[in-house]
Amino acid sequence: MPQQVDLLIHAEWIIPVVPENQVLTHHSLAVSGGRIERILPRSQAESELDALQTIDLPGQALIPGLINAHTHASMSLLRGLADDLPLMTWLNEHIWPAETQWVNEEFIHDGSQLAIAEMLLSGTTCFNDMYFFPDITGRVADHAGIRAVLGLIAIDFPSAWAADGDEYIHKGLEVHDQFRNNSRIHSAFAPHAPYSVGDQVLKRIAVLADELEIPIHMHLHETQDEIVQGQQQHGNRPMQRLNELGLLSPALAAVHMTHLQPEEIELFASSGAHVVHCPESNLKLASGFCPVAEMIKSDINIALGTDGAASNNDLDMFSEMRTAALLAKGVAVDASAVPAAKALSMATINGAKALGLQEITGSLEIGKSADLISVDLARLASQPIYHPISQLVYAAGREQVCHVWVAGQQLVNNHTLTTLNQPQLIKQASSWAERIAASDSAQQDS
């Protein structure tokens, strides 16, 4: 008697990511209860399984959903506000004034919706956020059906979310408790950066993260200025300071990491911490180059993130994969530095590892959550196909994502969102743009 399953997907190729560089041709994937039940040859699936729903995907690759391991979702409403400026000019004269005036629950709600819609249509099924009002982002993500890690933001400056370090931590713990039983909404402490968070708050976060067994998500060594500031204010480089405070551990996902000395790579590798590489944001802001090839040689887990749409200016993980692979080759002067299969791992299972979700998502393995996307490689721009993984990384684009599932729920069906209203989101974004542009112009004139 055939085995009953909820969903059976027949694909031209299934690329599980674990093991790396494996391609299964003419295979099928079965889903039951939101989890991957079986992966098997199509002929065997058709004789052994009876599905409530069957989907045939000729010319398409089925892969794990992409994981955006660092972003600021709500900042999608600041996309393109101020471009082609140095980081601190961009922040001090445009972004921080805009945030001071506009960031509230409505801004977070609408910005998160816009970002999540863009990510889903781009094949991202999980994102790691760092921004204010994480409770609002969590509710939006839960409604949309996407998987999210909510950054429990901490910063020394007052904001519309909290007044000081104690309040940031207190409210963050409330957010953690609010979603602790939600299977798709996770949390991580998110101290902004070494230059914006003091020692006492960082020490407390290190203790709490250990007690709650959740990650710590933090910008680190993003710019040369950050390192100079650290040496002036604390007498040492930021990574060394974090090590002394107890934050350099397997719980840490350090974002950017563009200015490193050889001994710092060695220290970081020995700590078991993770790197979240954001190549396009680093290039746009001229922050520097993450030494990816050297880190890979040191067995450091490297994930990928887009950063916020205000500094990228998109949330496109396909583009990020390609840029990460090409940039690593150029920096290392080694065409084999990051092969296509490694770039795909960085955008999937490595992100899951950095967020502590590797048992749940990041690869197509039996028992894991059915976080899946299908990519149409039958398009002209992807032809001919010699190596499907190379085509995914070097030739395909987010516009080729056809279907998206998270925990077995279909969130994108043939390029169309199923839980979010795209025309409404565009209208909301346009309304915000009118208001924010006017205030930014006034700010520059004053």
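This passage describes the pockets, the cavity, the aromatic contacts and some unusual backbone features of a predicted model.

The largest pocket of the model has a volume of about 510 Å³. Its lining is made up of 28 residues, and those nearest the centre of the pocket are Trp96, Glu99, Phe132, Ile155 and His192. Helix H2 provides the largest share of this lining, namely 7 residues. When the lining of the largest pocket is divided by class, 18 residues are nonpolar, 7 are polar and 3 are charged.

The second largest pocket has a volume of about 330 Å³. It is lined by 17 residues, of which Ser76, Leu77, Arg79, Leu114 and Ala429 are the closest to its centre. Both helix H3 (105–121) and helix H16 contribute at least two residues to the lining of this second pocket. The greatest contribution is that of H16, which gives 8 residues. The class composition of the lining of the second largest pocket is 13 nonpolar, 2 polar and 2 charged residues.

In addition to these pockets, the structure contains 1 cavity of 30 Å³ or more. The volume of the largest cavity is about 30 Å³. Its lining consists of Ile15, Val17, Pro19, Glu20, Asn21, Gln22, Ala341, Leu344, Ser345 and Ile389. Helix H13 (residues 340–346) gives the most to this lining, with 3 residues. By class, 6 of the lining residues are nonpolar, 3 are polar and 1 is charged. At least three lining residues come from each of domain 1 (3–64 + 368–414) and domain 2 (66–355).

One of the residues lining the largest cavity, Pro19, also takes part in an unusual backbone feature. The peptide bond that joins Val18 and Pro19 is cis, with omega at about 0 degrees. Pro19 is placed in the loop between strand E1 (3–14) and strand E2 (24–32). Another cis peptide bond joins Asn312 and Asn313, with omega at about 20 degrees. Asn313 belongs to the loop between strand E12 (302–304) and helix H12 (317–332).

Aromatic contacts were examined next. A pair of aromatic rings is described by the distance of the centres and the angle of the planes. The count in this model comes to 4 aromatic pairs. In one of them, the ring centres of Trp102 and Trp432 lie 6.1 Å apart and the ring planes meet at 85 degrees, so the pair is classed as edge-to-face. This pair connects distant parts of the chain, as Trp102 is in helix H2 (residues 87–102) and Trp432 is in helix H16 (residues 422–445), 330 residues apart. Trp102 is buried, with a relative accessible area of 16%. Trp432 is also buried, because its relative accessibility is 1%. A tilted aromatic pair is formed by Tyr131 and Phe132, with 5.1 Å between the centres and 55 degrees between the planes. Tyr131 counts as buried at 4% relative accessibility, and Phe132 counts as buried at 13%. Phe132 is, in addition, among the residues nearest the centre of the largest pocket. Trp102, Phe107 and Trp432 are linked by ring pairs into a cluster.

Charged side chains also meet aromatic rings. The charged end of Arg435 is positioned over the ring of Trp432, 4.1 Å from the ring centre. The charged end of Lys171 is likewise positioned over the ring of Trp161, 4.1 Å from the ring centre.

Helix H16 also holds Ser441. This serine counts as partly exposed, because its relative accessibility is 40%. Along the chain, Ser441 and His94 are 347 residues apart, whereas their C-alpha atoms are separated by 9.6 Å.

Two aspartate residues have a positive phi angle. For Asp84, which is not a glycine, phi is about 60 degrees. Asp84 lies in the loop between strand E5 (66–71) and H2. A residue is exposed when its relative accessible area is over 50%, and Asp84, at 70%, therefore counts as exposed. For Asp299, phi is near 65 degrees, again a positive value in a residue other than glycine. Asp299 is located in the loop between helix H11 (292–297) and E12. At 72% relative accessibility, Asp299 counts as exposed.

Definitions and conventions
Residues are numbered from 1 along each chain as its sequence is written. This is a predicted model: local features need pLDDT of at least 70, side-chain atom pairs count only at pLDDT 80 or more; totals for chains, interfaces and linings use all residues. Side-chain values use heavy atoms; hydrogens and water are left out. On a 1 Å grid over the protein atoms alone, a cavity is a set of points where a 1.4 Å probe fits but cannot get out, and a pocket is an open set with protein on both sides within 12 Å along at least five of seven lines; lining residues have an atom within 4 Å of a point. Grid points are joined across faces, edges and corners, and a volume is the space filled by probe spheres set on the points. Helices (H or I, at least four residues) and strands (E, at least two) are DSSP runs, numbered from the N terminus. Ala, Val, Leu, Ile, Met, Phe, Trp, Tyr, Cys and Pro count as nonpolar, Asp, Glu, Lys and Arg as charged, and the others, Gly among them, as polar. Domain bounds come from an automatic or database domain assignment. Rings of Phe, Tyr and Trp (its six-membered ring) pair if their centres lie within 6.5 Å; planes under 30 degrees apart count as stacked, over 60 as edge-to-face and the rest as tilted. Buried means under 20% relative accessible area, exposed over 50%, partly exposed in between (1.4 Å probe, protein chains only). A charge sits over a ring if NZ of Lys or CZ of Arg is within 6 Å of the ring centre and within 35 degrees of the ring normal.
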